[in-house]
Each structure stands twice: as C-alpha cells, then as structure tokens.
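Reader: Please take one part of this model, the surroundings of the ligand, and look at it closely. Then go on to how the rest of the chain is arranged.

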Amino acid sequence: MSILNDLSKDTVIFISGTPCTGKTTVAANLNDYLLDNEFDSKLIKINDFAIENELVLGEDPDKFYKIIDIDGLNECLNKEIDQNSNDVLIVEGHLSHLCEGADKMIVLRLNPSILKDRLEERNYSASKIQENLEAEALAVCSAEAYEIYGDEVSEIDASDKSIEEIRDLILAIASGNIECPIGSIDYMEWLLNQ
Ligand SMILES: Nc1ncnc2c1ncn2[C@@H]1O[C@H](COP(=O)(O)OP(=O)(O)O)[C@@H](O)[C@H]1O
Ligand SMILES: [Mg+2]
C-alpha cells in the first residue's frame with residue numbers, strides 16, 4: 001500500500017513499447033488495481049482513441065498497422081488529459097510515446113528471444129517479426145520517447161516478470177519511489193547472435 005500512498009491522484013502515465021511487450025495486459029491490470037484501491041483511474045487505448053477521433057490517415061501496405069495523424073492525436077489526447085485533470089490517466093499503446101502530456105513515460109522492454117515467441121503467436125509475417133525484434137533490440141521506442149521526454153523516460157525490463165510485478169514497478173516509478181532511466185537494458189547480445 002505504501003506505493004499507492006505516494007501516488008498523486010492526477011498522475012498521467014503513458015505505457016509504450018514494441019508490439020507484444022505487454023502494454024495492453026499490464027495497463028488493464030494497473031487500471032483495475034487502481035480502481036479497486038479507490039483511485040479514479042481511466043484507461044485510454046491509444047489506437048482505439050485515434051479511431052474514435054477519426055485520426056486514421058490510411059493503412060500500411062501490409063495492413064499490419066494504421067497510419068495515424070500524430071499531430072491530431074497529440075492535440076486530441078492533450079484535450080482529454082486536460083478534461084481528466086483530477087484522475088489518474090493511463091495511456092497505453094505503441095503511439096503513446098510520440099505524444100506529449102505524460103507525467104511518467106514508461107517504455108516496456110522485452111528480451112527479443114521472448115518477444116519472438118509472442119509475435120509468432122500473433123501471426124505476424126516473418127518480415128514484420130524481424131522488424132519488430134530488431135526495433136526492440138535497438139530500443140527504437142525508447143529513443144523516440146527520448147526525443148520528447150529526454151531523461152524523464154523510464155524503462156522496465158518485462159522479461160521473466162509477472163504482470164503484477166511489472167504493474168508494481170510502474171507504480172513505484174509513477175509514485176517517485178524508484179528511477180529506471182533508459183540505458184541499462186541491453187539486448188545487443190541477441191542482435192549480435194543473429
Ligand atoms: N508479464 C507477462 N508474462 C507472460 N505473458 C505476458 C506478460 N505480459 C503480456 N503477456 C502476453 O503477451 C502477449 C502480448 O501482450 P499484450 O499486452 O497484448 O502486448 P502489447 O499490448 O504490448 O502488444 C499476450 O498474449 C499476453 O497475455
Ligand atoms: Mg496492445
């Protein structure tokens with residue numbers, strides 16, 4: 001409970017990361033946990049939010065992802081943040097780190113050897129799997145998040161951790177109890193063994 005005691009009632013937490021690192025699962029667990037503990041918490045899935053706000057510009061040629069108007073998304077999301085200024089807001093999704101407005105910008109990282117199995121289960125094509133694995137090994141999300149948030153970006157290594165353990169780490173970061181700056185997670189070994 002001590003972590004929750006230190007959590008400000010209006011914290012805005014963004015959770016990003018390569019597809020299949022666990023964003024949706026962990027964000028839902030975190031939101032439920034906060035609601036169970038009498039926080040007014042709201043979860044925004046950024047892809048759904050973009051569709052609801054008609055910010056889809058098109059689809060990539062492989063139809064694996066939608067092309068989103070990021071400037072429009074940033075604007076809509078920040079209006080939503082302003083309208084929910086008394087609540088905890090959790091924004092999850094692979095586009096969240098391209099938007100402003102987070103008090104805590106958290107990137108979930110996952111060892112590519114574990115990520116590979118998850119991507120295969122989701123029936124991604126071989127080329128999309130490879131692209132995502134390399135993006136994860138090279139920390140592309142974290143680097144992009146750094147462009148907006150600089151040293152404020154936190155990374156969690158989700159490899160071999162339960163959803164509850166990851167949730168508690170997010171809470172510890174969000175409440176200022178721990179710092180997990182980018183730079184210590186290194187999957188280069190995986191890349192070199194390709
Ligand atoms: N900590 C975890 N341990 C084991 N499996 C996990 C964990 N987090 C997520 N998963 C599983 O990995 C898959 C991808 O998770 P998901 O939350 O959909 O990822 P994302 O939203 O980042 O694409 C799901 O099948 C989910 O059940
Ligand atoms: Mg997801």
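Author: In this predicted model, ligand 1 is surrounded by 14 residues, and the closest are Cys-20, Gly-22, Lys-23, Thr-24 and Thr-25. Two elements give two or more residues to this shell: helix H2 (23–36) and helix H8 (163–174). H2 supplies the largest share, three residues. Sorted by class, the shell holds five nonpolar, six polar and three charged residues.

Helix H8 also has a part in the interior. The largest nonpolar core contains 50 residues, and those with the most contacts inside it are Ile-13, Ile-15, Ile-90, Ile-106, Leu-108 and Ile-170. The largest share of this core, six residues, comes from H8.

The strands come next, beginning with E1. Six of the six residues of strand E1 (residues 12–17) are buried, so the rest of the structure largely encloses this strand. In a regular strand, side chains alternate between the two faces of the sheet. In E1 both faces are covered: Val-12, Phe-14 and Ser-16 are buried on one side, and Ile-13, Ile-15 and Gly-17 are buried on the other.

E1 pairs with two strands. Four bridges join E1 to E5, and the two run parallel; here Ile-13 stands opposite Ile-90 in E5. With E6, E1 pairs in the parallel sense over five bridges, and Ile-15 stands opposite Ile-106 in E6.

E6 is in turn joined to E7 by five bridges, again with the strands running parallel. In this pairing Val-107 stands opposite Glu-155 in E7. Strand E7 (residues 153–157) is mostly covered, with four of its five residues buried.

Ile-106 shows how these pieces meet. Leaving aside residues up to four places away in sequence, Ile-106 touches Ile-13, Phe-14, Ile-15, Ser-154, Ile-156, Ile-170 and Ile-173. Among these partners, Ile-13, Phe-14 and Ile-15 are residues of E1, while Ile-170 is one of the core residues with the most contacts.

Away from the strands themselves, Leu-95 lies in the loop between strand E5 (88–92) and strand E6 (104–109). Leu-95 counts as buried because it has 22 C-beta neighbours inside 10 Å, the cut-off being 20 or more. Its contacts, not counting residues up to four places away in sequence, are Ile-46, Ala-50, Ile-68 and Leu-73. Asn-31 is 64 residues from Leu-95 along the chain, and their C-alpha atoms are separated by 19 Å.

Asn-193 offers a contrast. This residue sits in the segment after helix H9 (188–192) and is exposed, with 8 other C-beta atoms within 10 Å. Between Asn-193 and Gly-72 there are 40 Å in space, C-alpha to C-alpha, and the two are 121 residues apart in sequence.

Finally, the chain as a whole. The protein chain has nine helices and seven strands, and buried residues make up 38% of its 194 residues. Of the contacts between residues at least 6 apart in sequence, 77% join residues at least 24 apart. The C-alpha trace spans about 45 × 35 × 30 Å along its principal axes. A compact globule with 194 residues would have a radius of gyration near 16 Å, and the chain has 16 Å, so the two agree.

Terms used: Residues are numbered from 1 along each chain as its sequence is written. Chains are lettered from A and ligands numbered from 1 in the order in which they are written. This is a predicted model: local features need pLDDT of at least 70, side-chain atom pairs count only at pLDDT 80 or more; totals for chains, interfaces and linings use all residues. A residue is near a molecule or strand if its C-beta atom, placed from the backbone, lies within 6 Å of it. Ala, Val, Leu, Ile, Met, Phe, Trp, Tyr, Cys and Pro count as nonpolar, Asp, Glu, Lys and Arg as charged, and the others, Gly among them, as polar. The radius of gyration is taken over C-alpha atoms; the globule rule is 2.2 Å times the number of residues to the power 0.38. A residue is buried if 20 or more other C-beta atoms lie within 10 Å of its own, exposed if 12 or fewer, and partly exposed in between; C-beta atoms are placed from the backbone. Two residues are in contact if their C-beta atoms, placed from the backbone, lie within 7 Å. Two strands pair if DSSP finds at least two bridges between them. A nonpolar core is a set of buried Ala, Val, Leu, Ile, Met, Phe, Trp, Tyr and Cys residues joined through C-beta atoms within 7 Å.
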